[in-house]
Amino acid sequence: MYDLIIVGLGPAGINAAIYGKRSNLNILVLEKETPGGKLNSIPEIQNYIGYGNISGPELATNFYRHFRSLDIPMKREEVLELKLEDNIKTVKTNEGVYKAKAIIIASGRGQKKLAGFEHLKINYCALCDANLYDGKEVLLVGNNNQAIEEAKYLSDIVKKVYFLYEGDLSIEKDNIEIINDEIIDIIHEEGRIKEAIFKNKKIKIDGLFVNLGSGPATYFCKSLGITDDNGYITVNNNQETNIEGIYACGDIVKKEIYQIINAASEGAIAALNAGKYVRKRN
Ligand SMILES: Cc1cc2nc3c(=O)[nH]c(=O)nc-3n(C[C@H](O)[C@H](O)[C@H](O)COP(=O)(O)OP(=O)(O)OC[C@H]3O[C@@H](n4cnc5c(N)ncnc54)[C@H](O)[C@@H]3O)c2cc1C
């Protein structure tokens with residue numbers, strides 16, 4: 001069992017890992033995509049102390065280099081579920097199950113998941129993945145203007161787009177069918193999407209796209225009761241949630257200012273308090 005598992009390796013998770021390791025904790029870090037998190041998509045940063053002007057990817061590389069220098073174990077896995085069993089925190093990922101005495105959630109904000117279907121292979125970027133479905137039929141679930149643009153983009157490439165959209169909408173394209181219905185189930189075989197079942201109809205599909213806007217990435221810890229109505233995690237001054245030994249930091253937290261500097265600072269506070277908690281338990 002690990003002393004501490006950290007979910008997410010953006011500025012908050014990286015600094016939590018550095019402080020946790022320097023406190024002699026036995027740590028595992030789980031990151032589903034690219035170390036550095038949001039920094040990787042910021043062209044220019046002008047307000048991070050010590051750098052007048054630096055690109056996001058360069059700052060991410062500097063942070064990650066510091067992290068790597070401490071030999072902290074890290075796995076490229078997505079956390080799918082976080083559970084509490086007899087005061088042991090169990091983390092289920094797409095690859096395995098890990099246990100820890102304490103957890104730090106530093107998963108930031110990202111594309112909202114399709115609730116109930118988080119485990120499926122879903123495409124969250126039509127621009128990136130439309131070509132994979134050339135000549136095929138796909139379902140797009142969306143609720144915003146960007147999703148409407150994605151429906152049009154997809155329709156130029158795929159054979160047919162079923163577009164599940166709440167509200168009045170018409171798009172003048174022969175191969176876009178707008179569906180106003182409730183999704184009940186998505187049938188898949190060995191990870192391949194096969195069929196979508198709605199309250200009033202069923203459709204055969206080859207792929208599933210989702211664009212429900214962005215929000216806090218707390219889909220894996222909803223059942224713990226640590227999030228507010230908007231999905232953000234509430235914490236005390238020690239970055240601890242209402243569950244002992246579970247901490248949160250960075251953009252995932254309900255607060256007023258969402259910046260790199262306070263994400264990193266909260267990571268340090270979370271790790272130092274996780275260390276105190278682990279030593280108290282031992
Ligand atoms: C366009 C833009 C420009 C910005 N410009 C600035 C700026 O100039 N200055 C500034 O201070 N701030 C800026 N920010 C804000 C800053 O990027 C964030 O406050 C900061 O990145 C938050 O860090 P974080 O570690 O909390 O989250 P993130 O950076 O979002 O990192 C979270 C990490 O968790 C991972 N993750 C998520 N879910 C899971 C899961 N289930 N399993 C495993 N890993 C998971 C993600 O892949 C990601 O790597 C900007 C933000 C944006 C969007």
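User: How far is a backbone N or O atom of Lys32 from a nitrogen atom of the ligand?
Analyst: Start with the yardstick: a polar contact is a pair of N or O atoms within 3.5 Å, and within protein one must be able to donate a hydrogen and the other to accept it, with residues adjacent in sequence counting only if both atoms are side-chain atoms. For Lys32, the backbone atom and the ligand nitrogen are separated by 3.2 Å.

User: What pLDDT do local features need in this model?
Analyst: Residues are numbered from 1 along each chain as its sequence is written, and side-chain values use heavy atoms, with hydrogens and water left out. The model is predicted, so to speak plainly: totals for chains, interfaces and linings use all residues, side-chain atom pairs count only at pLDDT 80 or more, and local features need pLDDT of at least 70.

User: Which residue has a polar backbone atom 2.8 Å from an oxygen atom of the ligand?
Analyst: Tyr219 isn't the one, as its polar side-chain atom sits 2.9 Å from a nitrogen atom of the ligand. The 2.8 Å pair, with a ligand oxygen and a backbone atom, belongs to Asp251.

User: How much of the ligand's accessible area does the protein cover?
Analyst: On its own, the ligand has 1000 Å² of accessible area. Areas here come from the Shrake-Rupley method with a 1.4 Å probe, and for residues only the protein chains shown count as cover. The protein's share of cover over the ligand is 83%.

User: How many residues are around the ligand?
Analyst: A residue gets on this list if one of its heavy atoms lies within 4 Å of the molecule. Glu31, Lys38, Asn47, Tyr219 and Asp251 come nearest, and the full count is 31.

User: Is Glu31 buried or exposed?
Analyst: Glu31 is in the loop between β2 and α2; helices (H or I, at least four residues) and strands (E, at least two) are DSSP runs, numbered from the N terminus. The classes are under 20% relative accessible area for buried, over 50% for exposed, and partly exposed in between (1.4 Å probe, protein chains only). With a relative accessible area of 9%, Glu31 is buried.

User: Which residues of strand β2 point the other way from Ile27 and Val29?
Analyst: In a regular strand, side chains alternate between the two faces of the sheet. Strand β2 covers residues 27-30, and these residues are all buried. Ile27 and Val29 point one way, and the other way go Leu28 and Leu30.

User: Which residue of β3 stands opposite Val29?
Analyst: Two strands pair if DSSP finds at least two bridges between them. β2 runs parallel to strand β3 (residues 74-75), with 2 bridges joining them. Val29's opposite number in β3 is Met74.

User: Through which helix does the chain cross from β2 to β3?
Analyst: This β-α-β crossover is right-handed, which means that, with the strands pointing away from the viewer, the path from the first strand over the helix to the second runs clockwise. The helix on the way, residues 56-68, is α2.

User: Which residue stands opposite Ile27, on the β1 side of β2?
Analyst: β1 (residues 2-7) and β2 run parallel and are joined by 4 bridges. Together with helix α1 (residues 11-22), β1 and β2 make a right-handed β-α-β unit. The residue opposite Ile27 is Leu4.

User: How many residues of strand β6 are buried?
Analyst: β6 (residues 97-105) has 9 residues and is largely enclosed by the rest of the structure. β1 pairs with β6 in the parallel sense over 5 bridges, and β16 also pairs with β6 in the parallel sense, over 3 bridges. The buried count in β6 is 7.

User: How many residues lie between β5 and β6 in their hairpin?
Analyst: β5 (residues 88-93) pairs with β6 in the antiparallel sense over 4 bridges. Lys89 stands opposite Ala100 in β6. The number of residues between β5 and β6 is 3.

User: What is the phi of Asp86, roughly?
Analyst: Asp86 is in the loop between β4 (79-85) and β5, and is exposed at 76% relative accessibility. Asp86 is not a glycine, yet its phi is positive, at about 50°.

User: How far apart are the C-alpha centres of domain 1 and domain 2?
Analyst: Domain bounds come from an automatic or database domain assignment. That assignment gives domain 1 as 2-111 + 214-281 and domain 2 as 126-211. The distance between their C-alpha centres is 33 Å.
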